[in-house]
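Reader: Please take one helix of this model and go through its packing closely. I would like the partners, the angles and the residues involved, followed by the surroundings.

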Amino acid sequence: MSLPIRLGLFYGAIFVGTGASSPYMPVWFAHHGLSLPLMARTMTAPPMAIWADSFRLRRTALIFLCGITATAYGLMALPLGFAGWTVVWFAGSAAFSTIPPLIDVLVLNRSQRDGFNFGWHCGLIQSAPGFYYCFSTRAWKQQGIPESMTGVLWGVGVAAEIAFLWFLEPWRRRLGPRNLLILGGIASILRWTAMAVSPPLWLLFPRQGLHFLGYAATFMASLQLAERLSTPRHATPRPSSRSARRFPAGC
Amino acid sequence: MGLATMASGPLFGQFGSRGHLLMGVMSAAGLAGAVQLYSQTRLDPA
């Protein structure tokens, strides 16, 4: 399996848990009068990044951080009570928040060395949902949208992604990665600009539907671009092509 | 993604829902970079 594909899978793996917890954790903590665990990550990330930089190999730090995150998130299943869960969540999310910048640096270094310097374009479009993941639920709540609709709205985005990966594979192939990336960028601009003006509930549904272009399509485009722009030494064409073709099912 | 997530807290505190506009700006920057990929001949259809 080629390096870009492996890195893509790593990104997918680390964000699976975030995707599931992001809609609800901020609201749950806010319900208990706390925003500290989420906000505190902004304070812990810089010193943790400095600590991570002290390792000779960044992957060593990544292994430690992934281990801490997995352990802490696993402990959330125990009946620790709110105080215990808060401490464990804080530890897990503090460790997790350092992983994406580290892997970003690693990927950028490798992309410069190996020649798949597309990273910034895809990365910018794909990084944009950071605000949405953390605060969309609270923003909707402030807007007066019932909490019961939050899961539905997030579900619409996920369903659109699944539909894209399941049914639109031939269309994606015809379009090609560059056009797909352009569409993803346009969809993202439309989506986030609409979100900023607090649209009514009915408009949120089509807006959430754009998630498949802004995220899944951009991600698929990034994989294809990685494969095509990598140097031959790191792009084992046939196996990686097969992996990329299988990836939609994996997603 | 890490930087965007780190920035999101202060952004929401300061601007609330309008913080999404920064995401739009990031996407626009990504789109501008993506347009440059059309100059990459290696990506042209065979």
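Author: The contact to begin with joins two chains. From H11(A) come Leu181(A), Ile182(A), Gly185(A), Ile186(A), Ser188(A), Ile189(A), Trp192(A), Thr193(A), Met195(A) and Ala196(A). They meet His20(B), Leu21(B), Met23(B), Gly24(B), Ser27(B), Ala28(B), Leu31(B), Ala34(B) and Val35(B) of H2(B). By class, this contact of H11(A) with H2(B) has 13 nonpolar and 6 polar residues, and no charged residues. The model is a predicted one.

As for geometry, the axes of H11(A) and H2(B), the latter covering residues 20-35 of chain B, come within 8 Å and cross at roughly 165°. Because an angle over 145 degrees counts as roughly antiparallel, H11(A) is roughly antiparallel to H2(B). The crossing of H11(A) and H2(B) is left-handed.

H11(A) also packs against a helix of its own chain. H11(A) spans residues 177-196 and H12(A) residues 201-209, and their axes come within 9 Å and cross at roughly 155°. That angle makes H11(A) roughly antiparallel to H12(A), and the crossing of H11(A) and H12(A) is left-handed. On the H11(A) side, the contact is made by Arg191(A), Trp192(A), Ala194(A) and Met195(A). Leu204(A), Arg207(A) and Gln208(A) are the residues that H12(A) brings to it. The contact of H11(A) with H12(A) divides into 4 nonpolar, 1 polar and 2 charged residues.

The loop between H11 and H12 of chain A holds Ser198(A). Ser198(A) is not a glycine, yet has a positive phi of about 50°. Its relative accessibility is 33%, so Ser198(A) counts as partly exposed.

Tyr132(A) ties several of these pieces together. Beyond its neighbours within four places in sequence, Tyr132(A) is in contact with Arg191(A), Trp192(A) and Met195(A), with Arg207(A) and Gln208(A), and with His20(B) and Met23(B). Trp140(A) and Trp154(A) are further contacts of Tyr132(A).

Tyr132(A) and Trp140(A) are the residues with the most contacts inside the largest nonpolar core, a set of 33 residues. H1, H5, H6, H8, H9 and H11 of chain A each supply at least two residues of this core, as does H1 (2-15) of chain B. H8(A) gives the largest share of this core, 7 residues. There is also a second, separate core of 23 residues, which includes Ala216(A), Ala217(A), Leu223(A) and Ala34(B). Ala34(B) is also among the H2(B) residues that meet H11(A).

One more position belongs to the surroundings. Gly92(A) is found in H6 of chain A and is buried, with a relative accessible area of 0%. Not counting residues up to four places away in sequence, Gly92(A) touches Thr69(A), Ala72(A) and Tyr73(A). The C-alpha atoms of Gly92(A) and Met76(A) are separated by 9.4 Å, with these positions 16 residues apart along the chain counted as their separation.

For the chain as a whole, chain A has 14 helices and 0 strands. Of the 251 residues in chain A, 49% are buried. Among chain A contacts between residues at least 6 apart in sequence, 77% join residues at least 24 apart.

Notes. Residues numbered from 1 in each chain as written. Chains lettered and ligands numbered in written order. Predicted model: local features only at pLDDT ≥ 70, side-chain atom pairs only at ≥ 80, totals over all residues. Heavy atoms only, no water. Axes fitted to C-alpha atoms, helices over the stretch in contact; angles between N-to-C directions. Helix = DSSP H or I, 4+ residues; strand = E, 2+ residues; numbered from the N terminus. Parallel < 35°, antiparallel > 145°, perpendicular 65-115°, else oblique. Left-handed = near helix turned anticlockwise from the far one by under 90°. Contact = heavy atoms within 4.5 Å. Nonpolar A, V, L, I, M, F, W, Y, C, P; charged D, E, K, R; others polar. Core = buried A, V, L, I, M, F, W, Y, C linked by side-chain atoms within 4.5 Å. Buried < 20%, exposed > 50% of the residue type's maximum accessible area, 1.4 Å probe, protein only.
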